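Hi,

Here is the structure I promised to pass along. Have a look, and then read on for what turned up in it.

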Amino acid sequence: MNLTINDLAVFTNGSSNKKPIVFVHGFPLDHFMWDKQVDFLSDDYYCVRYDIRGLGNSPAGDGQFTMESFVDDLESVVVDLKLNKPVLCGLSMGGYISLRALERMQDKFSAVILFDTRSEADANEGKLKRAAGIKRINAEGLAPFTKDFITNCYGEYYKQNYKTEIDKRILKSSQFDPAGVKGSLLAMLGRNDTTGYLNKINIPALVICGEQDVLTPPEVMKSMAEKINGAEFIVIKNSGHLSPVENPGDVNEAVKNFLERI
């Protein structure tokens with residue numbers, strides 16, 4: 001079912017009587033990145049996805065986004081759909097949103113799955129890199145930035161074997177509103193550090209990382225997982241920063257096993 005909540009494009013699959021899972025996608029992607037997980041889980045769970053403001057089918061407005069406003073949007077989806085303690089599942093920027101959401105309102109969720117993300121705020125080098133991305137989009141348009149950024153998200157195995165799928169993803173993201181993409185960069189650049197909250201997470205947590213992830217490498221994510229009480233950490237073979245897309249079989253099995261235990 002397709003819905004509009006607080007101007008956001010929201011998509012639901014499965015029965016609302018089942019346990020809910022909210023999927024928060026990465027940058028600069030859209031809800032379609034979760035297709036394989038939703039296909040796999042929607043018989044047994046109520047799967048809720050949405051396009052983050054300014055990306056996919058959700059309008060950019062003025063493009064003045066913060067991580068706080070992204071968390072506000074997530075909260076509006078949970079409240080409007082009357083979701084009872086959903087499992088929260090976020091990748092990369094979606095993980096930033098998820099971690100801040102837990103810091104603000106952990107009691108609204110029953111478990112969390114964090115893919116290819118980190119708790120640390122951007123260091124100066126990262127802030128300057130995001131600022132350079134905005135400058136490049138302004139100078140060259142969205143397509144060159146999108147091509148380079150998205151290509152870097154995939155691991156070598158996927159890049160060698162799924163070039164057509166990568167080209168399709170690049171083309172789709174290149175058609176997003178540039179204001180939305182730049183707004184996401186601003187939100188990530190200005191986000192707060194959630195590392196100090198990790199040991200206060202008291203709901204079940206699964207942390208998943210692609211073995212070839214160069215943006216949030218396994219050693220970075222393992223360190224994050226070790227700070228979360230009782231968190232399970234899994235490395236996914238033959239995948240980079242987009243492990244649910246690159247190796248959905250192993251990811252789905254890991255997620256299913258986790259969900260069955262909580």
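Please keep in mind that this is a predicted model. A good place to start is Phe109: setting aside neighbours within four places in sequence, its contacts are Leu74, Val78, Lys85, Pro86, Leu88, Ala101, Leu102 and Ile203. Phe109 also belongs to the largest nonpolar core, which has 52 residues, and is one of the four that touch the most other members, along with Tyr50, Leu74 and Ile97. Helix H3 (residues 93-105) supplies the largest share of this core, with seven residues. There is also a second, separate core of 31 residues, with Cys47, Phe115, Cys153 and Ile170 among them.

Cys47 comes up again at Thr12, which touches Met1, Leu3, Tyr46, Cys47, Val48 and Leu81 beyond its sequence neighbours up to four places away. Thr12 sits in strand S2 (residues 8-13) and is buried, because its relative accessibility is 7%.

On the charged side, the count is 16 salt bridges. In one of them, Asp73 and Arg53 meet at 2.8 Å, N to O. Asp73 lies in helix H2 (residues 67-80) and Arg53 in the loop between strand S4 (45-50) and H2, so this pair ties together parts 20 residues apart in sequence. Both partners are buried: Asp73 at 5% relative accessibility and Arg53 at 17%.

Another pair is Glu232 and Arg261, with the closest N and O atoms 2.3 Å apart. It links strand S8 (residues 232-236) to helix H11 (residues 248-261), across 29 residues. Here Glu232 is partly exposed at 27%, while Arg261 is exposed at 52%. Finally, shared partners join Glu68, Asp72, Glu75, Arg100, Glu103 and Arg104 into one salt-bridge network.

Best wishes

Conventions
Residues numbered from 1 in each chain as written. Predicted model: local features only at pLDDT ≥ 70, side-chain atom pairs only at ≥ 80, totals over all residues. Heavy atoms only, no water. Core = buried A, V, L, I, M, F, W, Y, C linked by side-chain atoms within 4.5 Å. Buried < 20%, exposed > 50% of the residue type's maximum accessible area, 1.4 Å probe, protein only. Helix = DSSP H or I, 4+ residues; strand = E, 2+ residues; numbered from the N terminus. Contact = heavy atoms within 4.5 Å. Salt bridge = Lys/Arg side-chain N within 4 Å of Asp/Glu carboxyl O.
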